[in-house]
Each structure stands twice: as structure tokens, then as C-alpha cells.
Amino acid sequence: MKKRFILFAVLACSLFFFVGYLSAPSPYSSALVDAVAVKHDGGGVVTTIRFIVKPGTGKLLLDVSESLYDADTELSLARARDAAEELMGVSLDNRDIYFSIEEDEPLIVSGASGGAAFVAGITAAVLGAELNQAGIVSAQVNGSLIAPVGGIDEKIVAAIQEGKEFFIIAENQTVKYEGAHSQSILIVRVRSLDEAVRLLLSQ
Amino acid sequence: MKPAQKKALALFAVLASLTIVLSFADSSKAEPSIVHLSVPAVDSYGRGALAGLTIKAQPGNGSVFIDAKGPLLDENALASLNRAVGAALAHYAGEPMDLYYFIDAPVAAVEGGSAGAAFSVGALLALNGLQAREGVIITGTVESNGSIGSVGSILPKAIAAKAAGYDLLLVPAGESVVESSALDCVEKKFEGAPYRECVTVTKLVSIANETGIIVMEVSTIDEAFELMWQ
């Protein structure tokens, strides 16, 4: 009787281990965030960026096998990581963040206007949250605030064509054809980075 | 032992071994190959300096990553990195690997393509699980077909490499000698008054003679790889 009990206990334990191993949460999480850029021909384009967060040592790994980036974009990405840490109150020193652009055509990405979208993407990936696909942001990050970017009219047009419902910009951003755009999309002016990210994280 | 006990024991054995096999399969998948190299560079004052380059290869889908927290690479440096990886992959037929480049440079930004050959040979070393031979260092650009192209500032780079204890410098074809201009003067007299007549002459200076480091010219990634793996 006792023997049978021990055998049962051992069996139950091994079963727990096995099931536990299979159902353990995946050590990495990811998030997709849309960003908007201006192409060389002057037209706007919406591109999707994938952020993956894995256990690691605080690295910020930029996938350069397809698309290329200029130093401003790399710097804004590094700053976005720091801003996301600040925003969440979480250190990312024990995580590696992977950044890749989900496009078939390689792009040359330049400038710092992806900053706020990068922060939203990193935050969503770390928290395991989903971003509201109806919204999009184009703004630089300046400390805890967001700042204006160039080519905003072309970017808004691209977002409208992509079916976006709201577009987040910096409070002091000038938009040439704001009245016309507002017929098709809600333009949301925001002062702080925190507010911009919250808007994108809310469903 | 009763049949029921036997059955239970067998089930236990299967589950236990499955768990062990699965966890082993997981850890072996993450076994990376890591290569450390130094790359000669020049700082903004034209002085030679060495940058550290760590390349990690691990099974993946063929992506290339840089650490955006390190020195910033401009689009020319990234394009050179892509050519370097392309040239290395042309000589690699193993399973698909992801490559990670970590640069430890005394500068905030890396521009241009003179680290291309090091990027490429480093990738070949990491992909093949090899280490770099001690004391060997390379400077040169790389094209997608694996040819090594010319770079500037070889002399200050050679001085920095020699000072750091390297004894073999690989340079692009034709660059083991550099042109150096100097004044060549002769003492003359004009109606009894002495004067110096000087002309600027350009002469070829051997990098090896000038610095004491052994210099070899390499024109392809293959040649460089043969001299750099151990």
C-alpha cells in the first residue's frame, strides 16, 4: 500500500514537472507598432515595426539585414529605450530588445521622428500589452515630452489611406492642411510622452 | 511487481526522459559561437586607435543585428556591414545563423567602410566556430563579391596596431607602401651668397619599415580568412 503511494507520488510529481515545462510562459514577448515615414519621392508610408523582448543583459539589437538606418534613428531608438524605462519605472538591464521592420522592401530609415512610436512599441512588448491598431503617432521624444516632426501632412495622408482612425502629434506641431485631414481622421494633440503612449495602449 | 506498477513506472520513465531531452534540446539551440577582433581606426585628429569588435553567431534565420546602444553606425557603415555579411555567407553552407555585431570603439560614431574586411572575416570565423589568430589585424573595405578594397590612413593605423602588440597587419592590395611627401633641399650659392633650393618630393614609404609591424597585402576575404583563423 505504502509502495503504491510512493509510486503514485513520484508519478504525479513527474507529470507536474512535464506539464509545467510545456506550459511555462515563453521567455519572450513581442509587440507590433505602426510608424509613418516619408519616402524619397515625398510620399508618406506606414510601416510596421516588431519589438521582441527576451531575457538578456540590456542590449538593444537592431536588425540591419534588410533595412538600413542613419545615426539619428539609432540614437532615437536608444533614447526611446531609456524613455520607456522611465515611463514604466522598470529597468530593462536584464532584457534584450530586438527591433526589426516588417516590410518586404528594404527601407532606408532616417531621422528621429519614430521616437514616440518606438517608446510605445517597447512599452507594449515589455508589458505584454497590445497596441490599438486604429491609432498612430509621429513625434520625436524630448525628455518626458514629445516634439514636432517634418513631413506631417504626407504622413497623415498615408495614415488615412492605411485606415487609421486617430493620429497623435506633438502639441506644438504645425499641420498645413489640418482642416482637410480632420474630415477623415481624428488628430490628437498631446504634450507628454506618457499621454501619447497611454492613448496607443488603450483599446 | 504488479502489472499496474510496471505500467506506472514505464510512464514515469517516459515522462522523465522526455522532460530531460526537451530541456537539453532547448539549451543546445542557444549555443553561440563568439569571436573577438580588433579593428584599426583613426580618431577625429587623424591618430590611430583600435576598436573592439565582438561577433556572435547562433542558429537563427539569417538576420544581422547591431547593438543600437553602442557607437552609432551611419548608413554607409551599415551598407558596408551588409556587404561584409553577404561576402561571408557566400563561403558558408551550414545551417542558417543570426549574426550579432558589438562594437567597442573610442568614438561615438563609426563612419565609412574601412572595417568591412574585419566584419566579413569575423563573420566567417564565427559562422565556422573558429577563433581569430592572435596578433593578426586587418583593415580594408569589402565588396559583396569578397574583394577587399582600399582604405586611407594606413600609417597611423599600423602605428596603433603595433603599439597594441599586433605583429601582422593585413592591408588591401597595393597598400603596404604609402606615398609620403617631404621637402628635398640642396644648398646652393648665388654670387657667393648661400641659399637652399627645395622641392617637394613624393616618395613611397614602406609601412613595415616605418612601424616594425609585418604587413601583408590581401585582395580577397578568402586570403584574409586563411591568414586569420586558428
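Which residue in β5(A) is the bridge partner of A:I52? That partner is A:Y98. Keep in mind that what you're looking at is a predicted model.

**The sheet with strands from both chains**

Zoom out from that pair and you find strand β2 of chain A, residues 44-55, joined by seven bridges to strand β5 of chain A, residues 95-101. The two run antiparallel. They belong to an open sheet of eight strands, and its order goes β1(A)-β2(A)-β5(A)-β3(A)-β3(B)-β5(B)-β2(B)-β1(B). Read along that order and you pass from chain A to chain B where β3(A) sits next to β3(B). The pairing across the sheet is mixed. As for the edges, β1 of chain A (29-38) and β1 of chain B (33-42) each pair on one side only. On average, neighbouring strands here are turned by 25 degrees against each other, ignoring direction.

On the chain B side, a helix joins the picture: α4 of chain B, residues 154-163, lies across β1 and β2 (48-59) of that chain. Its direction is at about 75 degrees to β2(B).

**The three-stranded sheet in chain B**

Chain B also has an open sheet of three strands, in the order β7-β10-β13, and here the pairing is parallel. Its edge strands are β7 (136-138) and β13 (214-218), each pairing on one side only. The twist from one strand to the next averages 25 degrees. Between β7(B) and β10 of chain B (residues 168-172) there are three bridges, and the strands run parallel. One residue pair to look up is B:I138 with its bridge partner B:L170 in β10(B).

Here are the two strand pairs next to each other:

| Strand pair | Bridges | Direction | Bridge partners |
|---|---|---|---|
| β2(A) and β5(A) | seven | antiparallel | A:I52 and A:Y98 |
| β7(B) and β10(B) | three | parallel | B:I138 and B:L170 |

**Two helices packed in chain B**

Now for α2 (residues 75-89) and α3 (residues 116-127) of chain B. Their axes come within 8 Å and cross at roughly 40 degrees. That angle is why α2(B) counts as oblique to α3(B). The crossing is right-handed.

Which residues do the touching? From α2(B) come B:A77, B:S80, B:L81, B:A84, B:A87, B:A88 and B:L89. They meet B:G116, B:F119, B:S120, B:A123, B:L124 and B:L127 of α3(B). By character, the residues of this contact split into ten nonpolar, three polar and no charged.

Methods: Residues are numbered from 1 along each chain as its sequence is written. Chains are lettered from A and ligands numbered from 1 in the order in which they are written. This is a predicted model: local features need pLDDT of at least 70, side-chain atom pairs count only at pLDDT 80 or more; totals for chains, interfaces and linings use all residues. Side-chain values use heavy atoms; hydrogens and water are left out. Two strands pair if DSSP finds at least two bridges between them. Helices (H or I, at least four residues) and strands (E, at least two) are DSSP runs, numbered from the N terminus. Axes are lines fitted to C-alpha atoms, for helices over the stretch in contact, and angles run from 0 to 180 degrees between N-to-C directions. Contact means heavy atoms within 4.5 Å. Angles under 35 degrees count as roughly parallel, over 145 as roughly antiparallel, 65 to 115 as roughly perpendicular and the rest as oblique. A crossing is left-handed if the near helix is turned anticlockwise from the far one by less than a right angle, and right-handed if clockwise. Ala, Val, Leu, Ile, Met, Phe, Trp, Tyr, Cys and Pro count as nonpolar, Asp, Glu, Lys and Arg as charged, and the others, Gly among them, as polar.
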